Amino acid sequence: MTIKVDGSPYGVMTASDGTMWFSMAQEGRVGRVSGGGEVEVFQLDPADGQPTVLAEASDGAVWVTEFAGGRLSRITREGRVSSVELASPYGMAHGPDGALWVTQVQADRVARIGPDGTVTSVEMPGMPSAITAGADGALWVTLNQGNAIGRVTTAGEVTVFPLPTEGAMPVGLTAGPDGAVWFVEIGAGQVGRITPDGGIVEYPLPDRSARPHAIITGPDGALWFTEWGAGRLGRITLEGEITEFELDGAEPHGLAVGADGRIWVAMESGTLTSFTP
């Protein structure tokens, strides 16, 4: 199933009410797809903020990072938009402490936004990009230019684990179903796995130039990832077996498991494309 969009989808997220939200970085918009497939679009103002990653708030509103605009914006289900200033935000994740954790890629920091709105941050050099909550109760971060994976506890203690492969440039990461954190290396064309104690294994893709971008845990217990440079969707089992699927369109970025159990992919060429595991 494919949904055409008037724009260039970048990030995608499934909300608790079953709707699917997506960002359009080039156009400065955020869209919502209902269960029936109807698309509603919300224009951000100003439109040059490059909205990227989405996360649902506890009240059903949606947070979106505006990397270029230096804003973290919040959109209610009715479409009301408000923003708070935050330098170069990109990745987001809810922590086990009830706070929203946000990477600041150009500031080399990870910010914590508490339930009361208080903002604190910790230094994490190396261009912190994606972030996820791990099974160990800490937050895990890809350090794209640091060629490493970072770990920060809710108390702000930081540990950095260098990657074995030079120039790996990790981007997306996700908590796996096995208690480890899985990530993709856009520079090296590999999928990686890191355990809570820092043990790292890397799995080369058949096409090392595929430029994997984002990764999630699928409903089938495997990991699914986008190959931005090759226009493909990839799947890797916990044992490291890799399968690849061609996608219609170009430049797949974010992906999410939809309320229908399908894998939905944001294609910058103008569609939201689904794939049945």
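Modeller: Two strands are taken to pair if DSSP finds at least two bridges between them, and in this predicted model four strands form an open sheet in the order S6-S7-S8-S9, with antiparallel pairing.

Colleague: What makes S6 and S9 the edge strands?

Modeller: Strand S6 (51-56) and strand S9 (81-85) each pair on one side only, and the twist from one strand to the next averages 25°.

Colleague: How do you know that strand S7 pairs with strand S8?

Modeller: Pairing asks for at least two bridges, and five bridges join strand S7 (residues 62-66) to strand S8 (residues 71-75), the two running antiparallel; one of the partnerships is that of Val62 with Ile75 in S8.

Colleague: Turning to the aromatic rings, of which the structure holds six pairs, why is the pair of Trp140 and Phe161 called stacked?

Modeller: Ring centres must lie within 6.5 Å and planes under 30 degrees apart; the centres of Trp140 and Phe161 are 5.8 Å apart and their planes stand at 15°, so the pair is stacked. Trp140 lies in strand S15 and Phe161 in strand S17, so the pair ties together parts that are 21 residues apart in sequence.

Colleague: Why are Trp140 and Phe161 called buried?

Modeller: Buried means under 20% relative accessible area, and Trp140 has 1% while Phe161 has 15%, so both residues count as buried.

Colleague: What makes Trp182 and Tyr203 a stacked pair?

Modeller: Their ring centres are 5.9 Å apart and their planes at 10°, so the pair is stacked by those cut-offs.

Methods. Residues are numbered from 1 along each chain as its sequence is written. This is a predicted model: local features need pLDDT of at least 70, side-chain atom pairs count only at pLDDT 80 or more; totals for chains, interfaces and linings use all residues. Side-chain values use heavy atoms; hydrogens and water are left out. Axes are lines fitted to C-alpha atoms, for helices over the stretch in contact, and angles run from 0 to 180 degrees between N-to-C directions. Rings of Phe, Tyr and Trp (its six-membered ring) pair if their centres lie within 6.5 Å; planes under 30 degrees apart count as stacked, over 60 as edge-to-face and the rest as tilted. Buried means under 20% relative accessible area, exposed over 50%, partly exposed in between (1.4 Å probe, protein chains only).
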